[in-house]
Amino acid sequence: MSTLLSPARAGTPLTGRAGAAVDALGDRARICDLYDAHGSRVYHDICGRTTQEVPEILAAVRGTDGPVLDLAAGSGRLTFPLLAAGHRVTALELSPDMLALLRAGLTHAPDEVRRRCDSVEADMSDFRLDRRYGVVLLGTTTLSLLPDEDRPGLYRCVRDHLAPGGRFLLTTVDVDPAEDGTDESEIPVTGARGHGYLMYEQWSPGAATRTVTVLPQPVPADGPVTVATTTIGVLPARQVTAELEAAGFTVVATTPVGQGTGRHHDVLIEAEVRR
């Protein structure tokens with residue numbers, strides 16, 4: 001089973017402004033992983049409002065044949081736009097908490113839409129489905145959540161599930177040092193339900209991982225405070241391209257995604273199985 005990098009699970013202490021903010025909460029801080037039962041609600045609220053990468057992915061999928069396999073589908077941030085565009089989608093997700101949010105969303109969809117969606121609880125680096133797909137998608141820069149030893153399994157599974165002529169679409173992020181010369185940035189975010197958050201991103205230039213920590217903003221005056229945190233790998237597009245080529249793919253296109261925010265410069269990579 002793949003292992004998502006996480007300071008919440010590994011017990012890595014938070015440092016910098018994020019650490020100071022958590023320390024100020026004292027016993028009120030309830031630290032959780034961004035993808036567990038508590039953190040997944042925060043993730044869903046934040047991501048439910050953003051359309052980052054959605055137009056580029058829908059454009060890349062448009063005109064392709066066959067169903068779409070949405071890997072690490074989460075709570076359905078990309079699954080639902082694909083369904084709305086008329087595609088048949090298999091949503092594969094390892095976290096039962098995330099999958100529960102996706103399935104709850106499907107209950108509010110029309111019958112015709114629900115019939116075009118299958119949901120599967122499985123590991124994106126080790127799965128077997130009795131179907132081949134015109135597109136296998138791994139969005140939201142989720143590739144960076146897999147450690148080095150698990151990515152070959154992902155690439156193998158994608159090859160095994162792509163139909164002839166199918167495309168593997170994935171996004172990755174390049175992260176630049178903060179313009180102010182520090183290793184940490186603060187990003188205010190408003191969730192889909194109107195809740196405010198402050199996201200701390202910590203990354204030292206050249207480091208292989210970055211840590212993201214999310215706190216409510218403003219912080220409640222009393223009671224427990226959920227602090228959602230996770231550590232994410234930094235995988236430059238050139239490294240991903242080299243890994244894909246070594247795994248038997250040919251990269252056919254690399255497209256910038258959106259305008260970038262702060263230190264982020266996302267790209268959409270399209271690859272085919274080399275035959």
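Ala, Val, Leu, Ile, Met, Phe, Trp, Tyr, Cys and Pro count here as nonpolar, Asp, Glu, Lys and Arg as charged, and the others, Gly among them, as polar. With that convention, the residues that line the second largest pocket divide into 8 nonpolar, 5 polar and 2 charged. The structure is a predicted model, and the pocket is a convenient place to enter it.

The second largest pocket has a volume of about 260 Å³. Its lining is made up of 15 residues, and those closest to the pocket centre are Val42, His195, Tyr197, Pro216 and Thr226. Four elements each supply at least two residues of this lining: helix 3 (39-47), strand 8 (196-202), strand 9 and strand 10. Strand 9 gives the most, with 3 residues. As for the principle behind such a search, rolling a probe the size of a water molecule over the atoms shows where empty space is left.

The chain around this pocket can be described in a few totals. The protein chain has 9 helices and 12 strands. It has 275 residues, of which 51% count as buried. The exposed area of the chain is about 12,700 Å², and carbon and sulfur atoms supply 52% of that area. Where contacts join residues at least 6 apart in sequence, 68% of them join residues at least 24 apart.

Two strands that contribute to the pocket lining, strand 9 and strand 10, also frame a backbone feature. Pro218 is found in the loop between strand 9 (209-216) and strand 10 (225-233). The peptide bond that joins Gln217 and Pro218 is cis, with omega at about 5°. Most residues other than glycine have a negative phi, and most peptide bonds are trans.

The other half of that general statement leads to two more loop residues. Ala72 has a positive phi of about 50°, although it is not a glycine. It sits in the loop between strand 2 (68-71) and helix 5 (79-84). Thr141, likewise not a glycine, has a positive phi near 50°, and this residue lies in the loop between strand 5 (133-138) and helix 8 (151-161). What does the solvent accessibility say about Ala72 and Thr141? Buried means under 20% relative accessible area. Ala72 has 22% relative accessibility and therefore counts as partly exposed, whereas Thr141, with a relative accessible area of 13%, is buried.

Aromatic side chains offer a further view of how parts of the chain meet. A pair of aromatic rings is described by the distance of the centres and the angle of the planes. The count comes to 1 aromatic pair. Phe168 and Phe249 form this pair, which is tilted, with 5.7 Å from centre to centre and 45° between the planes. Phe168 lies in strand 6 (residues 162-175) and Phe249 in strand 11 (residues 249-256), so the pair ties together parts that are 81 residues apart in sequence. Both Phe168 and Phe249 are buried.

A last example of residues distant in sequence involves helix 9 (residues 237-246), where Glu243 lies. Not counting residues up to four places away in sequence, Glu243 touches Arg151 and Tyr155. Glu243 and Arg151 are 92 residues apart in sequence, and their C-alpha atoms are 8.7 Å apart in space.

Key:
Residues numbered from 1 in each chain as written. Predicted model: local features only at pLDDT ≥ 70, side-chain atom pairs only at ≥ 80, totals over all residues. Heavy atoms only, no water. Buried < 20%, exposed > 50% of the residue type's maximum accessible area, 1.4 Å probe, protein only. Contact = heavy atoms within 4.5 Å. Areas by Shrake-Rupley, 256 points an atom, 1.4 Å probe, with all protein chains shown as cover. Phe/Tyr/Trp six-rings, centres within 6.5 Å; stacked < 30°, edge-to-face > 60°. 1 Å grid on protein atoms, 1.4 Å probe; cavity = no way out; pocket = protein on both sides within 12 Å on 5 of 7 lines; lining within 4 Å. Points joined across faces, edges and corners; volume = space filled by probe spheres on them.
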